[in-house]
Amino acid sequence: MIEFRHNDFRHNDFRYNKENPSMSKLIFKTLAVLAAAAAFMLPGANRNTFAADAAPSAAAAPADEPGTRSFTLVSVEADGTKFWLPSVIAVEQGDKVKLTLINNVPGASNQHGFTIPAYSITEVVTRGVPKTITFTADKPGPFPYSCQLHPAHIGGSLIVEPKK
């Protein structure tokens, strides 16, 4: 017979340890990477799922021209880790891409970077001042994006699917 004694299990074993937040950060980062990978690998996934601005306002700027894929990426901070959301955006080769970048990271530094090296895009986004970037996704493949100002921050991926 196996006997379970209350003293064998401490109630705090699985709680967040404020003195050592690294495990919490590791779990958060792992979940972010798994979510990005799962979104990329979903068969037949609708690329519109990754668009953060799926419900445009009637009073917003004029509609984008046909063939333009628009996304709003927001820089945020959670548990001391800064990253861009959504972490994966997908378009088709030849699409014109419009990215609206918003920096919502709190703190003394009011600037956050955004770069897609494969497309020669490098921007600095100031908190409270959205920045818009447009380019043509002319080459297929996965292309990482990140913060060039803070390389330790979590980036994301632009997925350009080959033209069918």
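**Asn103, Tyr119 and the core around them**

Student: Leaving aside neighbours within four places in sequence, which residues is Asn103 in contact with?
Tutor: Keep in mind that this is a predicted model. Asn103 is found in strand S4. Beyond four places in sequence, its contacts are Ser75, Asn110, Gln111, His112, Val125, Thr126, Arg127 and Gly128.

Student: Is Asn103 buried or exposed?
Tutor: The cut-off for buried is under 20% relative accessible area. Asn103 comes in at 2%, so it counts as buried.

Student: OK, which backbone oxygens lie 3.2 Å and 3.1 Å from a polar atom of the Asn103 side chain?
Tutor: Both belong to residues on its contact list, which includes Asn110 and Val125. At 3.2 Å, it's the backbone oxygen of Asn110. At 3.1 Å, it's the backbone oxygen of Val125.

Student: Moving to the largest nonpolar core, which strand gives the most to it?
Tutor: That core has 21 residues, and Leu73, Leu99, Phe114, Ile116, Tyr119, Phe135 and Leu158 touch the most other members. Strands S1, S3, S4, S5, S6, S7, S8 and S9 each supply at least two residues. The top contributor, with 3 residues, is S4.

Student: What does Tyr119 touch, not counting residues up to four places away in sequence?
Tutor: Tyr119 is one of the core members touching the most others. Two more of that group, Phe135 and Leu158, turn up among its contacts. The full list is Phe135, Thr136, Ala137, Asp138, Lys139, Phe143, Leu158 and Val160.

Student: And in the hairpin of S1 and S2, which residue takes a positive phi?
Tutor: S1 and S2 run antiparallel, joined by 5 bridges, with Val74 partnering Leu85. There are 2 residues between the strands, and the one with phi near 55 degrees is Asp79.

Terms used. Residues are numbered from 1 along each chain as its sequence is written. This is a predicted model: local features need pLDDT of at least 70, side-chain atom pairs count only at pLDDT 80 or more; totals for chains, interfaces and linings use all residues. Side-chain values use heavy atoms; hydrogens and water are left out. Two strands pair if DSSP finds at least two bridges between them. Helices (H or I, at least four residues) and strands (E, at least two) are DSSP runs, numbered from the N terminus. A nonpolar core is a set of buried Ala, Val, Leu, Ile, Met, Phe, Trp, Tyr and Cys residues joined through side-chain atoms within 4.5 Å. Buried means under 20% relative accessible area, exposed over 50%, partly exposed in between (1.4 Å probe, protein chains only). Contact means heavy atoms within 4.5 Å. A polar contact is a pair of N or O atoms within 3.5 Å; within protein, one must be able to donate a hydrogen and the other to accept it, and residues adjacent in sequence count only if both atoms are side-chain atoms.
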